Each structure stands twice: as structure tokens, then as C-alpha cells.
Amino acid sequence: MVTVNEKEKVFHLNNGRISYLFYVMESGQLGHLYFGKALNPEGNYLHMVEKAHRPMSVCIREGDLYTSYEHLRQEYPCYGTSDYRYPALEIQGSDGSRICKPEYQGYEVIKGKKPLEGLPATYVEREEEAETLEIYLKDALRGLEVVLSYTIFRDVDGIARSARFANRGQEGFFINRVMSMSVDLPDADFQSVQLSGSWSRERYVKVRDLDPGITAVSSMRGNSSHQHNPFLALKRKNATEQSGQVYGFSLVYSGNFLAQAEVDNYQVLRVMLGINPFGFQWKLEPGESFVAPEAVMVYSEEGLNGMSRQFHRLYRNRLARGYWRDKERPVLINNWEATQFAYVEDDLVTFATKAKECGVELFVLDDGWFGARNNDKCGLGDWKANRDKLPGGIEGLSAKIEALGMKFGLWFEPEMVNKDSDFFRSHPDYIIETPGRSASHGRNQFVLDFTRKEVVDAIYGQMHDLLSNAKISYIKWDMNRSISECYSTAYPADRQGEIFHRYILGVYDLHERLIREFPELLIESCSSGGGRFDAGMLYYAPQGWVSDDSDAIERAKIQYGTSLVYPLSCMGAHVSACPNEQVGRTTPIITRGNVAFTGAFGYELDLNKLSEAEIGMVKEQIQFYKENRSLIAKGDFYRLLSPFEGNFAAWEIADEKGSRALVTVTRILSEINGPFRRLPLRGLRRDQKYHVESRYLSYDAYGDELMQFGMMMEDKSCGQVIDGSGGCQDFLSILYEVTSI
Ligand code: DGJ
């Protein structure tokens with residue numbers, strides 16, 4: 001998969017579907033050649049280097065007016081030597097100079113893929129699944145060694161990149177800016193696609209035209225954030241969901257990030273992704289090294305859907321890992337929206353008993369079970385059961401739940417502390433705060449200094465005791481505020497720029513220790529809903545709570561946007577009560593179920609409060625999900641109609657062979673006397689006959705008809721419903737089963 005033209009020093013990564021090419025310039029810097037659909041591995045591609053005498057440009061060799069890094073497409077641009085676009089790397093020596101110029105030293109091709117020490121990353125299970133090219137560079141003046149790593153996957157149209165840095169010199173220096181990837185595309189005729197929003201409306205799809213200058217999204221909150229996701233796509237203006245060229249870039253990281261597209265004065269497009277340089281500075285003493293997080297680049301000629309399917313395949317199978325990766329996820333019920341903090345053990349057992357009767361497999365006890373926690377002002381940090389609420393402790397409650405025939409799960413917020421807690425009273429110095437300044441709170445809580453091993457150890461110890469003594473099969477790992485006044489008293493002044501990154505390394509370390517000790521534990525990540533829903537967390541937690549907004553119509557948008565990058569297997573999605581807690585909307589329970597099916601399914605309400613008819617539906621939903629969860633988790637996902645563009649959200653999940661598909665169509669507002677509609681499906685076999693079945697419709701058709709003419713939609717708003725058969729109301733969702741016969 002990796003071809004090296006030794007003579008011309010051209011490197012070609014090619015898996016038969018995509019190619020990525022770069023070369024070594026005469027000066028020793030790396031130049032970018034091509035990223036896109038596969039090119040012939042035998043080809044010679046150096047003529048792709050475009051050079052001209054550009055007046056006013058600064059050139060690197062005396063007497064040569066053609067060679068300027070400003071105009072040559074770079075592979076891993078470094079600051080200070082005639083390239084005036086943003087660099088991937090900037091270092092600062094003890095003499096104050098911020099110039100660096102790592103030059104090519106050699107390369108190695110490795111079968112498979114190495115892990116990234118202390119960081120989440122994609123992986124392979126067998127060497128033949130991927131090949132890795134490592135490029136060695138050196139800045140002799142500083143003694144800086146750089147290793148750029150490129151892994152091309154056999155079965156995914158993507159490349160994973162990362163970079164390692166070592167100081168082999170005599171003096172320390174700072175890394176001020178380090179991107180995990182950079183690529184200079186030869187033209188800028190693209191639109192950027194980002195996933196942006198806020199608490200309870202995370203990952204809305206935003207499309208922008210690229211103009212000269214910078215288009216960027218970032219986080220400086222300490223978590224990847226509700227506001228922007230560590231992802232950026234570039235689509236050709238005529239690319240759609242199903243067709244056209246799209247590049248996708250995703251960072252496997254959960255902290256501060258920057259995703260940036262820069263269009264220069266000659267329409268060259270530089271894309272980069274990495275740790276946000278704002279607030280970042282890492283000191284590298286002689287002998288020390290630093291590893292940048294992994295970035296994944298995907299190329300698709302099948303539009304945004306094609307890009308998503310590549311990300312899904314890679315992230316579901318080779319980023320998520322461990323016991324739960326391929327296992328069917330349990331149908332769960334979570335008590336948060338039903339009870340908030342107000343419950344005692346008996347209520348919970350009654351709550352769980354009803355859930356068991358309906359077929360729920362896992363009961364999750366959310367916030368409020370520990371310390372003096374009866375509201376959000378106290379208790380965080382004291383991970384011991386509140387005996388007033390739970391006389392038998394977590395041991396007793398979990399045993400009762402298991403006796404009902406269900407598994408038991410528990411909420412934690414390991415990174416946080418309330419000042420009103422025994423933990424804080426014993427360790428007031430354990431929080432992130434800047435000496436001499438007051439510390440801001442978020443939801444009355446403070447952030448523990450996870451850069452310090454003794455802090456992580458103290459939390460690990462408490463969690464370990466509970467997990468060892470009680471029957472806990474699942475934890476929901478929450479994180480309900482961003483970091484402010486970022487500073488650690490454990491580090492000297494010249495290492496304060498490391499704290500945000502060290503914090504995330506501490507979070508990863510705690511996850512890793514728990515997974516090693518309790519390999520069968522299912523972890524669901526959460527951060528006030530979807531504030532840290534990123535590829536980094538997916539390495540530790542195979543599912544994540546998508547958003548605190550559980551309204552089905554809002555969720556249709558949020559899950560639609562989330563699906564651009566993340567597979568359905570990792571999207572925690574629950575049916576909640578109506579009127580909905582967040583938006584006050586009342587939606588049919590069918591709609592709530594249909595939308596929540598598109599993920600790791602569960603309930604977030606008190607089933608004892610539902611009518612008999614509703615309980616009947618809940619039982620049906622659970623039965624349906626159990627029968628279809630393998631298809632939902634592993635099938636190919638197709639977005640068909642965007643809720644960001646019209647009155648419908650529609651998507652399809654088809655198995656790999658095209659023998660069965662589930663199609664969900666959610667109409668937001670009802671219409672009267674509207675048009676007849678058909679919905680062209682995807683991923684079916686043209687010459688295969690299928691049976692289409694839904695609540696209101698049943699017919700047979702061949703795959704070609706279903707994909708070309710489209711599946712008939714029995715939308716009762718075409719005309720007026722006069723037979724009392726229903727099917728015409730706001731927020732109605734219909735699920736179609738398409739099965740080969
Ligand atoms: C925020 C989460 O997103 C909710 O689901 C819930 O767990 C609360 N925190 C509990 O405090």
C-alpha cells in the first residue's frame with residue numbers, strides 16, 4: 001500500500017481506492033503532491049509540483065527566484081522560512097527564535113500500525129489491515145527530531161496521521177504550535193462543512209463557502225465542546241449527500257482543538273487539524289518527547305454520505321474497542337429525567353421492576369446517589385452511597401436490580417468536585433485554579449487537577465472500591481463544565497501551557513486504568529449531553545450521550561448531524577416523557593421511539609406513569625429494537641432528507657448485503673393536501689425483490705424501483721384524512737421495513 005520512489009523521493013500511499021502523495025524537496029522540506037481517488041502506483045508524479053516566479057515572493061536560495069515555500073504546496077509546514085500561511089509547527093528556542101526547518105532524514109514502512117502512547121488512536125487487529133509510513137526529519141540547529149506517521153487502511157478510504165517530536169539537542173525549547181495533520185490542496189473550490197451548536201443543540205450541520213483567508217472552528221474550553229466538533233469536511237460545491245468529492249478530517253482528541261481551512265492568494269487550500277495553539281505551549285527538555293494526537297483524513301466520491309460511511313466503518317471497528325465493541329448494547333432505562341435528585345431506594349426498585357416487565361435490560365442510576373447530593377451544590381467528589389437514600393448502599397441496590405434479572409449502571413462525574421464535599425475539605429488544593437485569583441464555578445462545581453497523578457489516583461481508588469464491591473456493569477461518565485483559570489500548582493511557570501493537554505491525558509489515563517481493571521464494564525461518555533462527543537472518547541467509551549435534549553424532533557437534527565462522523569453504535573438515544581423537559585413539545589411515542597432507535601436505545605422516563613396503551617407500545621419498541629439492534633449498530637447508514645433543509649428528516653440503515661433495510665421518515669409539521677412523495681432508497685440490490693412494510697403500507701417492489709422511482713410514502717397529508725385512520729399530525733414518524741423476499 002506504500003510505494004516509495006527512492007530516486008525521486010516520492011511517497012505514494014495507495015489502497016486501490018485512494019492515493020496520497022508527497023515528496024522531498026531539494027531543500028529537504030516535504031512537499032505535498034496529491035490526495036484523492038487512487039492514481040496508478042507506477043506513475044511518476046513530480047511534474048505535479050507547480051512553480052513560478054511570483055513577484056514579491058521570498059525565496060529560499062540566493063539566485064533562485066522560483067523556490068519559495070509560500071507558493072509550493074507543503075506537507076508539514078514549519079514557521080519562519082518564507083511560507084506566510086499558518087504553519088503546522090512552530091517552536092521557540094531559548095534564544096527566542098521561533099524558526100525551525102526540519103529536513104528529511106529517511107523513512108520506514110511498517111506493516112500494520114503502532115499504538116500512540118497515552119492517546120486514543122485507530123488500530124489494526126492484523127498487520128495486513130494497514131501499512132504505516134514513518135518519515136524522519138531533523139532540525140539540526142535545535143536537535144529537534146520529527147517523525148511524521150501516515151497509516152493507510154486496506155478497508156477504509158482513509159489515512160490516519162500523527163506526529164512525534166523529540167529533543168536530541170543540548171538545550172530545551174518550546175513547541176508553541178503543533179498540528180496533527182496539514183494538507184495543501186491545489187484549489188479552493190470547496191465549501192466547508194462543520195458541526196456546530198450549543199448545549200442541547202449540538203452538532204448542527206453548517207455549510208460555508210470558502211473565501212480567501214481563514215475558515216476555522218475550535219475549542220478552548222478544555223473539552224472538545226458543545227459549540228464545535230473536532231471535525232471539518234470540504235465538499236465540492238456540487239457535491240450532495242450521495243455524490244461528488246468530499247474530504248473529511250476528524251481529530252481523535254477530546255480537548256482544545258483547532259480545525260482550519262486557509263485559502264491563500266493563489267487559491268491553494270491549506271487544511272489543518274490539531275491541538276488548539278491558543279493557550280498551548282509544551283516545553284521539551286533534552287531527551288524528552290511529545291506525541292501529537294491522531295487525525296484521520298477520509299476521501300469520498302460518493303458525497304457526504306460516502307465520507308460518513310468511511311468514518312463509521314473505521315470508528316466502529318477500529319477505534320471503538322474491547323468487550324463491547326461488537327456486542328449488542330443493552331436496552332437501558334435512566335432515571336434522570338424522571339426523578340432528578342429526588343428518590344430513595346424503594347422508588348428505584350419500583351421504577352426498575354416496571355422497566356424489566358417491559359423488556360429493559362439495564363437500569364442506570366443517574367446523579368444524586370452519593371455523598372450529601374440532593375441538589376447540584378454539593379457532593380461531587382464523595383463517591384460513596386448516600387445511605388439516607390440508599391440504605392443498602394450501591395451494593396444493596398445493585399444486588400436488588402440484578403435479582404430482577406437486569407444489569408445495573410451508575411453515574412459518575414469523576415473529574416469534578418463541589419466545595420461542599422468531604423473530598424474537597426480534605427484536598428482543597430486539588431482543583432484547577434490560578435493562585436491569587438478567584439476560581440469561577442460552573443454548575444457550582446470545580447474541576448479537579450487531572451494533570452496530577454495523586455488526584456487521578458484518589459478518584460480511581462474510590463471508583464475502584466465501588467466497582468469491585470457492587471454489581472456494576474455500566475457507568476455513565478459525565479463532565480458538566482468547561483475549564484477556566486487554567487493553571488496547575490504542580491507545574492512550574494514555563495509548563496503552564498501544557499495544562500490543558502495534560503488534563504486530557506489524565507482523563508484518558510483514568511479511563512484506561514478502569515478498562516484494564518474492569519474490561520467488561522460498558523462506559524457511556526457524557527458532558528452535559530454532547531459537550532465531549534468526539535473520536536477520542538470513543539476509544540474508551542463505545543457509546544456517548546448525544547445531547548441533553550431528548551425531544552424527538554430536536555434529536556432528529558442532532559443525531560442527523562452527529563452521523564456525519566460518528567457511527568450509530570455510539571449514539572446514546574432515549575425515549576423521554578412528554579411534554580418534553582427541554583422544549584415542552586409533545587410528540588407521539590412512536591416518533592420518540594423511531595428517532596431513538598437510531599442509536600444505543602433506551603428510556604429516560606418513569607414507565608409507571610404511562611398508560612396501558614403506551615406500555616404496550618414500549619414493549620413493542622423494545623422487542624423491535626432487540627430484533628434489529630445488530631443491523632442498526634452495524635449497517636450502512638444513509639441520510640436521505642435533511643431536517644436542516646426542509647420539513648422531513650429521513651434516513652435508512654441497510655445491511656451490507658442489501659438484504660434488509662430500515663427507513664425512518666419523520667415529518668416535522670403536518671401538511672394538508674400536499675404532494676404525493678416517493679423516497680429513493682440506497683444500498684439495495686437492483687434485481688432483488690423486497691417487501692415494504694410499515695404501519696399504513698405494505699407492498700412488494702424490486703430494488704431498482706425502490707432506488708430509482710423511490711419508495712412510496714403513505715403520507716396522509718396528501719389530501720384530507722376523512723376515514724378517521726389518523727396518520728396526519730405534527731411530529732409524525734413512520735418506520736418502514738424493507739426486506740428481501
Ligand atoms: C448532565 C447529563 O447530560 C444528564 O444526562 C444528567 O446525567 C445530568 N448531567 C446529571 O447531573
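# A tour from Asn673 to the largest pocket

Select Asn673: at 60% relative accessibility, this residue counts as exposed (over 50%; buried is under 20% and partly exposed lies in between, with a 1.4 Å probe and protein chains only). The model is predicted, so local features need pLDDT of at least 70 and side-chain atom pairs count only at pLDDT 80 or more, while totals for chains, interfaces and linings use all residues. Residues are numbered from 1 along each chain as its sequence is written, and side-chain values use heavy atoms, with hydrogens and water left out.

Stay on the backbone of Asn673, where phi is positive at about 55 degrees although the residue is not a glycine. Most residues other than glycine have a negative phi, and most peptide bonds are trans. Asn673 sits in the loop between E33 and strand E34 (678–679); helices (H or I, at least four residues) and strands (E, at least two) are DSSP runs numbered from the N terminus.

**Strand E32 and its sheet**

Next, select residues 648–654, strand E32. Seven of its seven residues are buried, so the strand is largely enclosed by the rest of the structure. Phe648, Ala650, Glu652 and Ala654 point one way, Ala649, Trp651 and Ile653 the other way, and all are buried.

Add strand E31 (residues 636–641), which pairs with E32 in the antiparallel sense over five bridges; two strands pair if DSSP finds at least two bridges between them. Look for Arg639 opposite Trp651 of E32. Six residues make up the hairpin connection from E31 to E32.

Now add strand E33 (residues 660–667), which runs antiparallel to E32 and is joined to it by seven bridges. Ala661 in E33 is the bridge partner of Ala654. The hairpin of E32 and E33 has five residues between the strands, and there Gly658 takes a positive phi near 70 degrees.

Widen the selection to the open sheet of six strands, which has the order E31-E32-E33-E38-E35-E36 and antiparallel pairing. E31 and strand E36 (698–702) are the edges; each has a single partner strand, so one side of each is left without a neighbour in the sheet. From one strand to the next the twist averages 20 degrees (axes are lines fitted to C-alpha atoms, for helices over the stretch in contact, and angles run from 0 to 180 degrees between N-to-C directions). At the E36 edge, strand E35 (residues 689–693) pairs with E36 in the antiparallel sense over five bridges, with Lys689 bridged to Tyr702 in E36.

Show helix H9 (residues 552–562) as well. H9 lies across E31, E32 and E33, and runs at about 55 degrees to E32.

**The four-stranded sheet**

Move to the open sheet of four strands, ordered E1-E2-E3-E4 with antiparallel pairing. Its edges are strand E1 (2–5) and strand E4 (30–37), each with a single partner strand, so one side of each is left without a neighbour in the sheet. Here the twist averages 15 degrees from one strand to the next. E1 and strand E2 (residues 10–14) pair in the antiparallel sense over four bridges; one to pick out joins Val2 to its bridge partner Leu13 in E2.

**Two backbone stops**

Select Ser82, in the loop between E4 and strand E5 (89–93). Ser82 has a phi near 85 degrees, a positive value in a residue other than glycine, and is buried, with a relative accessible area of 7%.

Then go to the peptide bond between Cys578 and Pro579, which is cis, with omega about -5 degrees. Pro579 is in the loop between strand E29 (571–576) and helix H10 (589–596).

**Helix H7 and the largest pocket**

Select His511 in helix H7. This histidine is buried, with a relative accessible area of 0%. Not counting residues up to four places away in sequence, His511 touches Trp477, Ile523, Met537 and Tyr540 (contact means heavy atoms within 4.5 Å).

Which residues are the closest to the centre of the largest pocket? Of the 28 that line it, they are Glu117, Gly118, Leu119, Leu505 and Asp509. A pocket is an open set of points on a 1 Å grid over the protein atoms alone, with protein on both sides within 12 Å along at least five of seven lines, whereas a cavity is a set where a 1.4 Å probe fits but cannot get out; lining residues have an atom within 4 Å of a point.

The largest pocket holds about 610 Å³ of space; a volume is the space filled by probe spheres set on the points, which are joined across faces, edges and corners. H7 (499–517), helix H6 (453–469), strand E18 (282–284) and strand E19 (289–291) each supply at least two lining residues. H7 gives the largest share, eight residues. Colour the lining by class to find twelve nonpolar, five polar and eleven charged residues (Ala, Val, Leu, Ile, Met, Phe, Trp, Tyr, Cys and Pro count as nonpolar, Asp, Glu, Lys and Arg as charged, and the others, Gly among them, as polar).
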